[in-house]
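Here is a friendly note to read alongside the model. Please keep the structure open as you go through the points.

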Amino acid sequence: MNKNRHAGLGLYTIGIAALFLAGFFLLVVFGAQSYRSTVGGQNRNMQSRALLSYLSTTVKGYDAEGAVGIDEDAEVGKVLILREGHSGYALRIYRADGRLVEDYARTDAGLRPEDAQVIGETAVFDPVLTADGLLTVSCDAGKVLLHLRSEGAGT
């Protein structure tokens, strides 16, 4: 009888240990999924903020008289042109193959999306420059409104 009681107690102990082990395993699995979801959302948020911040900072860096303009290209659509003084060179930002890209070249040179630097992924790129110097740049991440401080910046 004593042997049966010890055998039952051993099975009971193993059962309790297995129950705690299964609970711990489920806690780890659900915690890892929750963490992955949280980090994924945080990365998407940081990516969208980084794209908008980059556009804002770049345009502010080129804010000079006659430096900021928008051109239309038959292949890629709208191109944001940020001219480098009177050197004849410009930073050109445009959308190609679902990506926002930039290149630095002569203002009269053709666009070469295959050689351009990728800024980020976006399905929409719509820069609009008004006569009073308000630049609105829309992309998947949102919209940036910039008031160009230099006179004649939008010429």
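1. Start with Arg92, whose bridge partner in E4 is Asp103. This pair belongs to a longer run: E3 and E4 are joined by eight bridges in the antiparallel sense. Two strands count as paired if DSSP finds at least two bridges between them. The names of the elements come from DSSP runs numbered from the N terminus, with helices (H or I) of at least four residues and strands (E) of at least two.

2. A word on what you are looking at. This is a predicted model, in which local features need pLDDT of at least 70 and side-chain atom pairs count only at pLDDT 80 or more, while totals for chains, interfaces and linings use all residues. Residues are numbered from 1 along each chain as its sequence is written, and side-chain values use heavy atoms, with hydrogens and water left out.

3. How confident is the predictor in the chain? The mean pLDDT (the predictor's confidence in each residue, from 0 to 100) is 87, and 92% of the residues reach 70 or more. Strand E3 (residues 89-96) has the highest mean, 94, whereas helix H1 (residues 2-61) has the lowest, 86. Where pLDDT is low, predicted coordinates should not be read in detail.

4. Now the overall layout. The chain has one helix and eight strands, and along the sequence they follow the pattern α-β-β-β-β-β-β-β-β. The C-alpha trace spans about 100 × 30 × 25 Å along its principal axes. Its radius of gyration is 29 Å, while a compact globule of 155 residues would have one near 15 Å; this radius is taken over C-alpha atoms, and the globule rule is 2.2 Å times the number of residues to the power 0.38.

5. E3 and E4 sit within an open sheet of five strands, in the order E1-E2-E3-E4-E5, with antiparallel pairing. At its edges are strand E1 (68-73) and strand E5 (117-121), each of which pairs on one side only. From one strand to the next the twist averages 25 degrees; the axes behind this value are lines fitted to C-alpha atoms (for helices over the stretch in contact), and angles run from 0 to 180 degrees between N-to-C directions.

6. Between E3 and strand E4 (99-106) lies a loop, and Asp97 is found there. Its phi is near 55 degrees, a positive value in a residue other than glycine. Is Asp97 buried or exposed? Asp97 is exposed, with a relative accessible area of 71%. The cut-offs are under 20% for buried and over 50% for exposed, with partly exposed in between (1.4 Å probe, protein chains only).

7. A further open sheet has three strands in the order E6-E7-E8, again with antiparallel pairing. Strand E6 (125-129) and strand E8 (142-147) stand at its edges with a single partner strand each, so one side of each has no neighbour in the sheet. Here the twist averages 10 degrees from one strand to the next.

8. Look at E7 and E8 more closely. Six bridges join strand E7 (residues 134-139) to E8, and the two run antiparallel. Within E8, His147 stands opposite Leu134 and Leu146 stands opposite Leu135. The hairpin that joins E7 to E8 does so through two residues.

9. What does Ser56 touch? Ser56 lies in helix H1 and is buried, with a relative accessible area of 15%. Leaving aside neighbours within four places in sequence, Ser56 is in contact (heavy atoms within 4.5 Å) with Val144 and Leu146.

10. Finally, the interior. The largest nonpolar core has 18 residues, and those with the most contacts inside it are Val59, Leu80, Leu82, Ile93 and Leu135. Such a core is a set of buried Ala, Val, Leu, Ile, Met, Phe, Trp, Tyr and Cys residues joined through side-chain atoms within 4.5 Å. H1, strand E2 (77-83), E3, E7 and E8 each give two or more residues to this core, and H1 gives the most, with four. Not counting residues up to four places away in sequence, Leu82 touches residues including Val59, Tyr62, Val68 and Ile93. A second, separate core of eight residues includes Val76, Val79, Ile81 and Ala96. Across the chain, buried residues make up 28% of the 155 residues.
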